[in-house]
Each structure stands twice: as structure tokens, then as C-alpha cells.
Amino acid sequence: MAVDLLIIGAGPVGLTLAHLVARYGLRVEVIERRRMPSGEPRAVSLDDEGLRIWQTCGLDELLRDDWASGDEGQCICEYLDARGRSFLKLHQRTSDLGFPHAVTIHQGRIDEKLLRSAEAHPSITVRRGFAVDAVEQDDRGVTARGVDADGRPFESRAAWLVACDGSNSVVRQALGISWQGDPVAHPWLVANLVDPALDEGRDPGHVMIRCESNRAAVTMPLPHGLRRVEVELPEDDDASWIGDEREVRARLARGWPGADRAPIATVARCTFRAMVAERWREGRVFLAGDAAHVMPPFAGQGLCAGLRDAANLSFKIAGVVQGWLAPCALDSYESERRPHLDRITRLACRLGRLMSPASRTEGVLFQTALRVIGASPALGRNWLLRGPSIQPRLEQGFFNPASPLAGRYIPQPLVVTAAGAQVPLDELLGQRMTWILLAGSRRAPLEPPLLQPSDTVLMEGRDFRDPSEALRRRYGAGSLILVRPDRIVHSHIRASRFRGPQSSRSRRNPACRPDVVVAREARSVASSA
């Protein structure tokens with residue numbers, strides 16, 4: 001086999017997936033039809049989950065200058081009514097994952113750095129200017145065929161293939177996988193402008209969202225002196241004016257008055273959609289990112305969703321290729337990701353309805369309710385567009401649902417190593433599955449079948465201390481926690497229930513639910529590897 005994994009598409013999802021898989025030493029090839037990155041306006045926001053995924057790749061410091069979060073407690077997003085009156089403010093918080101709940105990003109700079117890092121990686125090959133037009137597979141691998149920029153034919157073969165080639169995915173179309181869903185009614189004008197105030201280091205302000213029926217508008221400061229402006233257009237807009245700069249600026253000025261004079265970096269007329277592929281896998285081929293799903297940008301979750309796909313899929317492919325996970329682990333990719341994707345898409349559509357209500361009466365009702373929520377600290381803490389309220393809680397898949405806190409992210413507190421260094425918890429986790437034994441009770445040592453040869457074991461008190469006691473507060477003193485490489489808890493065994501190595505239902509009960517059986521079997525080393 002030429003390589004272990006073939007990735008079609010060198011956007012942020014495809015390149016993040018390449019970095020995640022290459023951590024295991026797998027050979028990865030990335031094929032991108034463009035020779036140069038796209039110049040269109042792209043994602044402008046990310047959350048704590050996405051930043052943690054880049055930390056897992058070892059890229060968090062490389063990309064640090066390309067995202068901005070504001071200070072703890074600072075207002076980062078404000079919703080205004082049609083008269084410009086504020087009715088809801090969202091404030092920055094550092095999440096238990098170790099990062100701010102929400103940040104703005106400069107995706108152009110991030111894409112460039114991800115690409116350069118991938119091209120310099122010894123396990124990653126990037127081929128730019130190559131257009132795939134056919135995909136074939138058999139029991140042993142996948143072959144992608146196409147032409148290069150000079151029209152010469154090429155082919156690449158791998159054990160597995162992941163399509164990250166966007167909403168117009170050639171791979172998805174070649175497999176005959178159709179879209180399900182609907183377009184959003186109104187088109188939008190979206191532009192990145194150069195804001196002199198940001199270049200001069202003045203207060204950049206925060207995201208401002210004006211909610212008005214058929215005339216919603218958004219403005220937000222981005223890193224490196226850019227400002228994103230988005231304005232809703234009439235449903236019957238034909239874009240005949242798009243080539244007239246004066247007309248473009250007049251429309252953008254509804255979202256930000258400075259648009260009448262600020263240099264325009266990029267501009268596009270966009271029609272948003274809420275669409276999902278009918279299936280995300282065909283044999284040895286998977287869909288990820290916009291190739292599998294697209295959503296309106298109103299929740300700022302499009303890129304985040306794609307990065308979650310990459311984190312979920314990367315370790316399962318690596319585990320199957322290297323033999324420390326059984327092939328059935330790959331069956332859980334879509335079953336784990338689709339329910340959360342559906343929930344986030346519904347949130348994005350609801351926020352779009354809030355921004356552009358169907359009528360003035362509907363807008364007044366929405367905004368009055370949110371004024372009450374925003375004025376109440378108790379209600380406001382529980383009404384978040386970031387953080388725990390939107391984090392995935394797996395319903396089925398590669399985890400033990402009998403465990404009380406499995407299927408959710410493990411927190412990332414600052415811990416103190418045996419050498420006395422203070423580091424984020426993730427810096428101690430293994431590349432594969434990691435057992436964490438919390439202090440607080442006596443128990444039998446880990447041994448097979450719970451413990452596999454590839455697992456990492458961390459003991460509180462021996463390998464680290466948790467001064468904040470975040471882990472003990474969440475899981476209980478003396479608990480055992482099995483953590484997946486994507487930082488999702490696979491199993492949680494409380495000290496009071498510990499009865500030796502057979503205590504996990506996913507290990508000993510053949511009559512348990514199918515997803516428990518999958519978790520048990522996938523934790524076994526594949527006998528055919």
C-alpha cells in the first residue's frame with residue numbers, strides 16, 4: 001500500500017486530520033485541487049473544543065497569534081434590536097477544557113500555517129494542483145484517480161480515504177451520496193475589510209449582531225487588522241450589483257459604517273444551507289467537514305464541527321491500521337458525530353431565526369425573553385452559546401454507556417507533574433488510550449482485560465497532582481477513568497463499584513446493548529492485525 005491514509009482536500013479540516021493521524025507515525029497523503037489557498041471569506045470563529053484539538057496536534061503555539069479571545073469576563077458578543085438597543089450580552093469565560101469558550105480567528109493565516117507545517121512533516125505528503133475525479137475501492141484499499149494542473153493523469157492508493165473537499169465534494173458525488181436538508185431563505189453579503197483602528201491597536205470592540213426582519217447584520221473584529229461584516233440580502237436579490245464597488249459598500253455599511261471607506265480584502269455573496277449527507281461512510285471511504293455536512297454560520301460552529309470529525313475519526317483509523325483497535329471502532333464515527341451535528345445545526349437555524357425574525361411581533365417576543373435571561377445571573381449562566389451547553393454528549397458508539405460520566409470530554413486542569421512542573425493535563429495523556437487512577441481509595445491494580453498493552457496509565461499522587469481537584473470533583477476520589485485520544489471518556493468506574501478488572505460491563509456482559517459490545521470488541525487488540 002502506498003500510504004495508510006489519503007485525504008482529499010487541504011482545508012483546515014483535512015490538514016488537521018493529517019496532523020492528528022501523522023502523530024501515530026502513519027503515512028498520510030493530502031491531495032488538493034487548488035495550488036493556492038482560497039481567497040474567499042471563510043470561518044471567523046472557533047470554540048474551546050477546536051483549540052484543544054489543535055493542542056493535541058501540537059499546533060496551539062504555532063497558531064496562537066491567529067486567534068483572539070478578549071479578557072476573562074469581557075463582553076464578546078452583543079445582540080441588538082432593530083433600533084440598536086442591546087438585549088443580550090455574552091461574556092468570555094475560560095472553559096474546563098482549558099481554553100476560552102469562543103475566539104475569533106484569521107482562517108487565511110491559519111490555513112497557511114497548517115499547510116506549511118504539513119509540507120514539512122516527514123509523514124505527510126501534500127500534492128497541490130491535483131484534481132480527483134474518480135474513486136475506486138476493494139477489500140484492501142482505495143484508489144483515487146484524476147489529473148494534475150497540466151492535465152496529466154495520476155492515481156494515489158491508500159488503505160483508507162477521507163474526503164474533506166468541501167460542500168461540493170467530488171468524492172461524495174462519485175460515491176452517489178446525496179444531500180438531505182434545505183437552503184436558508186435569504187442570501188448574505190459577506191466581506192473582510194481592513195479596519196485601521198485594529199491596526200493602530202485601539203479597542204477592537206466585540207461582535208455586534210443587529211437583529212431585524214430581512215435586514216440582519218453582523219460585524220466582528222478579527223486578528224491581524226481585519227473586520228468581518230455580514231448583511232442579509234432580500235430573498236429575491238439577483239446580485240446584479242456585485243461588480244459595483246459603491247453598491248457593495250452601501251450594503252456593507254448597514255452592518256458597519258466604516259465600510260464606506262475601508263479597503264475590502266475579500267467579498268462574496270453567500271447562500272447558506274443546512275444540509276447533511278445521507279451517509280458518511282462507503283466502505284473504506286469517509287466524509288468529514290463540509291463534505292459531510294454544512295450549516296448556517298449563525299452559531300459559529302461550521303469549522304468546529306469539522307474539527308470534531310477529524311478528532312473522532314483520526315484515532316480510530318490509526319488504531320485500526322496499527323492494530324490496537326478492532327475495525328468495528330470505525331463503525332461508531334457517524335453514530336457518534338451525527339446526533340451532535342444535528343443538535344448544533346438546529347441551534348444555528350434557531351439563532352438565524354432570532355437574527356432575522358419572521359415578523360416584528362416574533363422579534364419583540366424573542367428579544368423580550370432574552371432580555372429577561374440576560375438580566376438574570378442564574379439564568380444567564382445556563383444560557384450559553386458556547387461551552388458545556390453545546391459540547392457533545394455521546395448517545396451511542398465507542399464508549400461504555402454503563403459508566404455514569406462516559407461519552408463526555410474530560411476536563412483539562414493544570415496539574416503538577418512528578419518533576420514539579422505545572423502543565424495542562426493533556427500534556428500527560430498518551431497518544432492512544434489512557435487510564436487515569438484518581439487518589440482516594442485502595443483498589444486492585446489494573447490488569448488485562450481492562451488494561452491493553454498500548455494503554456498509558458497515570459496515577460494521581462505518583463505521576464501528577466491536581467491542585468484544583470477538578471478531576472476528583474467530577475469523577476469522585478478513587479475512580480478509574482479511561483480516556484480516548486480525542487479526550488472523550490470511554491469508561492468511568494467509581495471507587496465504590498470497583499471489583500477488580502472485570503468490573504466494566506463493556507468487558508464482561510455479552511447481553512448488554514450493541515454499542516457496549518462494540519466498545520468491548522473495539523478495545524481488544526485486533527487478532528488479524
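**Close-up views of a predicted model**

**Figure 1. A side-chain polar contact links glutamate 362 and arginine 353.** The two side chains approach to 2.6 Å in this polar contact; the coordinates are those of a predicted model. Glutamate 362 belongs to helix H9, which spans residues 360–375. Its relative accessibility is 16%, so glutamate 362 counts as buried, the limit being under 20%. When neighbours within four places in sequence are set aside, the contacts of glutamate 362 are with Arg353 and Pro357. Arg353 thus appears both in this contact list and as the polar partner of the glutamate 362 side chain.

**Figure 2. Strands S25 and S26 form an antiparallel hairpin.** Strand S25 (residues 480–483) is joined to S26 by 4 bridges. Within this pairing, leucine 480 lies opposite isoleucine 493 of S26. Strand S26 covers residues 489–493, and 5 of its 5 residues are buried, so the strand is largely enclosed by the rest of the structure. Between the two strands of the hairpin there are 5 residues. Arginine 487 is located in this loop between S25 and S26. Although arginine 487 is not a glycine, its phi is positive, at about 75°. Arginine 487 has a relative accessibility of 6% and therefore counts as buried.

**Figure 3. Glutamate 469 adopts a positive phi in a loop.** The loop in question connects strand S24 (464–465) with helix H11 (470–475). The phi of glutamate 469 is near 55°, a positive value in a residue other than glycine. With 38% relative accessibility, glutamate 469 is classed as partly exposed, because its value falls between the limits of 20% and 50%.

**Figure 4. Strands S3, S7 and S4 make up an open antiparallel sheet.** The 3 strands are arranged in the order S3-S7-S4. Strand S3 (45–47) and strand S4 (67–68) are the edge strands, each pairing on one side only. S4 and S7 are paired in the antiparallel sense through 2 bridges. Tryptophan 67 stands opposite isoleucine 105, a residue of S7. Helix H7 (residues 302–322) lies across S3 and S7. The helix runs at about 45° to S3.

**Figure 5. Helix H3 and the elements that cover its buried residues.** H3 comprises 14 residues, from 107 to 120. From its first C-alpha to its last, H3 reaches 20 Å, close to the 20 Å expected at 1.5 Å a residue. Its buried residues are Gln107, Gly108, Ile110, Asp111, Lys113, Leu114, Leu115 and Ala118. An α-helix has 3.6 residues a turn, so residues three or four places apart point the same way. The cover over the buried residues of H3 includes helix H1 (12–22) and helix H2 (48–57). Strand S7 (102–105) and strand S8 (124–128) are also among the covering elements.

**Figure 6. Overview of the protein chain, with 13 helices and 26 strands.** The chain has 529 residues, of which 57% count as buried. Among contacts with a separation of 6 or more, 69% are accounted for by residues 24 or more positions apart. The protein chain exposes about 22300 Å². Carbon and sulfur atoms supply 49% of this exposed area.

Methods
Residues are numbered from 1 along each chain as its sequence is written. This is a predicted model: local features need pLDDT of at least 70, side-chain atom pairs count only at pLDDT 80 or more; totals for chains, interfaces and linings use all residues. Side-chain values use heavy atoms; hydrogens and water are left out. The expected span of a helix is 1.5 Å times one less than its number of residues. Buried means under 20% relative accessible area, exposed over 50%, partly exposed in between (1.4 Å probe, protein chains only). Contact means heavy atoms within 4.5 Å. Two strands pair if DSSP finds at least two bridges between them. A polar contact is a pair of N or O atoms within 3.5 Å; within protein, one must be able to donate a hydrogen and the other to accept it, and residues adjacent in sequence count only if both atoms are side-chain atoms. Accessible areas come from the Shrake-Rupley method with a 1.4 Å probe; for residues, only the protein chains shown count as cover. Axes are lines fitted to C-alpha atoms, for helices over the stretch in contact, and angles run from 0 to 180 degrees between N-to-C directions.
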